[in-house]
Amino acid sequence: MNNKYIILAVFIFFAIPLSAQSTNEFIAKGWNELVKDNDINALKLFNEAYLIAQKKNDTKGKAESLLKLGIASYGSSISNGMDYATKAVKEYEKLEGTQTKIARLGRCNCLILIATIKAREGKLLESIALSKEALETCIALNDTSSSIGLCTNLLGTVYNKLGRLDSADYYFAQALKNRIARNDVTYLPLSFVKAGDIELRKGNNEISLLYFTKALDISDSTQNRQSQISSYLALSKW
């Protein structure tokens with residue numbers, strides 16, 4: 001290629017303002033980094049998405065960016081995660097009059113994050129109440145995202161902490177069923193690990209090994225390090 005065309009191409013690339021790039025593009029890239037446990041990169045990309053949405057006065061974009069910032073940050077800072085979640089709720093509330101379904105499903109996702117944080121703080125009954133509120137709304141609105149799987153898995157986790165194994169097993173099974181139906185490769189490994197734990201507890205060793213192996217296979221294919229570690233720990237326990 002002629003040098004002048006190379007220079008022109010470089011000039012055009014750098015002349016494109018950041019705001020011309022899509023909020024959704026940054027959110028998608030950020031999520032891809034988060035799945036691979038590259039949390040710092042994910043936070044940077046979600047923050048860029050928020051800045052773009054802010055410049056465009058894009059309420060939906062701001063709400064989704066804040067929610068993703070909360071999801072990416074609560075593991076290292078509960079206070080930051082809660083702050084982003086509550087700010088996201090306020091942004092979603094602004095959409096009630098114009099984009100009602102998006103507003104309500106967005107609020108559901110915020111409630112799931114808040115319920116997750118409450119569980120981590122040991123506020124288990126609060127977590128259950130928030131999770132069930134979110135789950136009821138997601139089902140009523142025929143949600144097709146990962147929210148129902150997240151709700152049911154969280155309820156399984158909380159009931160397990162309370163020692164209510166029948167309820168825990170029920171909700172873990174519902175989460176696995178939902179994630180298989182959606183082919184939700186981001187969260188399927190952890191559901192397979194949990195299913196394997198349940199079968200191992202019941203003495204069904206071969207079935208549990210099958211679940212643990214499936215979890216590892218999916219984790220490897222998605223390069224999800226957290227899921228890979230969970231799968232290896234489950235296999236070592238087996």
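Helix H9 is followed by Asn183, a residue whose phi is positive, near 50 degrees. The model in which this is seen is a predicted one, and helix H9 itself is a convenient place to begin reading it. Running over residues 165–182, H9 has 18 residues and reaches 26 Å from its first C-alpha to its last, close to the 26 Å expected at 1.5 Å a residue. Its buried residues are Ala168, Asp169, Tyr171, Phe172, Ala175, Leu176, Asn178 and Arg179. The elements that cover these buried residues include helix H7 (124–140), helix H8 (147–161) and helix H10.

Helix H10 (188–201) also leads on to helix H11, since it is among the elements that cover the buried residues of H11, together with helix H2 (23–35) and helix H12 (225–237). Helix H11 takes in residues 205–222, and because its 18 residues should span 26 Å at 1.5 Å a residue, the 26 Å between its end C-alpha atoms agrees with what is expected. The residues of H11 that are buried are Ser208, Phe212, Ala215, Leu216, Ile218, Ser219 and Thr222. Seen down the axis of H11, these buried residues fall within an arc of 165 degrees, so they line one face of the helix. On the face of H11 turned away from that buried side are the exposed residues Glu206 and Ser221.

After H11 comes Gln223, with a positive phi near 60 degrees, and this residue lies in the loop between H11 and H12. Gln223 is a residue other than glycine with a positive phi value, and at 47% relative accessibility it counts as partly exposed, because that class ends at 50%. A further case is Asn57, again a residue other than glycine, whose phi is positive and near 55 degrees. Asn57 lies in the loop between helix H3 (39–55) and helix H4 (59–73), and at 58% relative accessibility it counts as exposed, because this value is over 50%.

Which contacts between charged side chains can be followed through the model? A search of the whole structure finds 11 salt bridges, and a few of them can be described in turn. In one of them the side chains of Asp83 and Lys87 meet, at 3.3 Å from N to O. Asp83 and Lys87 are 4 residues apart in helix H5 (residues 78–93), so about one helical turn separates them. Asp83 counts as partly exposed at 35% relative accessibility, and Lys87 is partly exposed as well, with a relative accessible area of 40%.

Another salt bridge joins Glu96 to Arg104, with the closest N and O atoms 3.7 Å apart. Glu96 is partly exposed, having a relative accessible area of 33%, and Arg104 is likewise partly exposed, with 42%.

The side chains of Lys118 and Glu126 also meet in a salt bridge, at 3.3 Å from N to O. Here Lys118 is buried, because its relative accessible area of 15% is under 20%, whereas Glu126 is partly exposed, with a relative accessible area of 40%. Salt bridges that share partners, finally, join Lys194, Asp197 and Lys237 into one network.

How values were computed: Residues numbered from 1 in each chain as written. Predicted model: local features only at pLDDT ≥ 70, side-chain atom pairs only at ≥ 80, totals over all residues. Heavy atoms only, no water. Helix = DSSP H or I, 4+ residues; strand = E, 2+ residues; numbered from the N terminus. Expected span 1.5 Å × (residues − 1). Buried < 20%, exposed > 50% of the residue type's maximum accessible area, 1.4 Å probe, protein only. Arc of directions from axis to C-beta. Contact = heavy atoms within 4.5 Å. Salt bridge = Lys/Arg side-chain N within 4 Å of Asp/Glu carboxyl O.
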